[in-house]
Amino acid sequence: MSIESTLATLNQRFPNADVDALKPILETIDDLNRLRELNLNASIAESFNAFQEHLEA
């Protein structure tokens with residue numbers, strides 16, 4: 001999964017959130033499994049804040 005895919009999902013689901021602010025954080029992640037997990041979470045998170053909390057965990 002690409003970072004762009006995760007960001008696109010977040011932008012679609014949470015159009016009023018500052019999704020682009022997460023890009024530098026996502027770009028520091030080298031673990032492909034973690035990026036896949038975050039991509040899935042982007043599509044099921046209850047809110048943008050919930051996604052951010054999952055990202056920071």
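Contact here means heavy atoms within 4.5 Å. By that yardstick, and leaving aside residues up to four places away in sequence, I3 touches L26, E27 and L35 in this predicted model. I3 has its place in helix α1, and with a relative accessibility of 15% it counts as buried, since the cut-off for buried is under 20%. There is also a link in space to L22: the two residues are 19 apart along the chain, and the C-alpha atoms of I3 and L22 are separated by 9.8 Å.

I3 leads straight to the pairing of α1 with α3. Two packed helices are described by the angle between their axes and the distance between the axes. For helix α1, which covers residues 3–13, and helix α3, which covers residues 32–44, the angle is about 15 degrees and the axes are 9 Å apart. That makes the two helices, α1 and α3, roughly parallel, because angles under 35 degrees fall in that class. As for handedness, α1 and α3 cross in a left-handed way. On the α1 side, the residues that meet α3 are I3, S5, T6, T9, L10 and R13. Facing them from α3 are L35, L38, N39, A42, S43 and I44. Sorted by class, this contact of α1 with α3 comes to six nonpolar residues, five polar ones and one charged one.

Now for the other partner of α3. Helices α3 and α4 pack at about 165 degrees, and their axes lie 10 Å apart. The pair is therefore roughly antiparallel, as an angle over 145 degrees is classed that way. The crossing of α3 and α4 is right-handed. From α3, the contact draws on R34, E37, L38, N41 and A42, while α4 supplies F51, H54 and L55. By class, that gives four nonpolar, two polar and two charged residues in the contact of α3 with α4.

R34 deserves a closer look. This residue lies in helix α3 and is buried, with a relative accessible area of 18%. Residues up to four places away in sequence aside, R34 touches I29, H54, L55 and A57. So where does the salt bridge of this structure sit, given that there is one? It joins the side chains of R34 and E37, at 3.2 Å from N to O. Side chains of opposite charge can pair when their charged atoms come close. The two partners, E37 and R34, are three residues apart in helix α3, so about one helical turn separates them. Their surroundings are not alike in exposure: R34 is buried at 18% relative accessible area, whereas E37 is partly exposed at 37%.

That leaves the stretch linking α3 to α4. E46 is found in the loop between these two helices, with α4 running over residues 48–56. Is E46 buried or exposed? Its relative accessible area is 78%, so E46 is exposed, the cut-off for that label being over 50%. E46 can also be placed relative to R13: the two are 33 residues apart in sequence, with a C-alpha to C-alpha distance of 9.8 Å. R13, for its part, is one of the α1 residues that meet α3.

Conventions: Residues are numbered from 1 along each chain as its sequence is written. This is a predicted model: local features need pLDDT of at least 70, side-chain atom pairs count only at pLDDT 80 or more; totals for chains, interfaces and linings use all residues. Side-chain values use heavy atoms; hydrogens and water are left out. Axes are lines fitted to C-alpha atoms, for helices over the stretch in contact, and angles run from 0 to 180 degrees between N-to-C directions. Helices (H or I, at least four residues) and strands (E, at least two) are DSSP runs, numbered from the N terminus. Angles under 35 degrees count as roughly parallel, over 145 as roughly antiparallel, 65 to 115 as roughly perpendicular and the rest as oblique. A crossing is left-handed if the near helix is turned anticlockwise from the far one by less than a right angle, and right-handed if clockwise. Ala, Val, Leu, Ile, Met, Phe, Trp, Tyr, Cys and Pro count as nonpolar, Asp, Glu, Lys and Arg as charged, and the others, Gly among them, as polar. Buried means under 20% relative accessible area, exposed over 50%, partly exposed in between (1.4 Å probe, protein chains only). A salt bridge is a side-chain nitrogen of Lys or Arg within 4 Å of a carboxyl oxygen of Asp or Glu.
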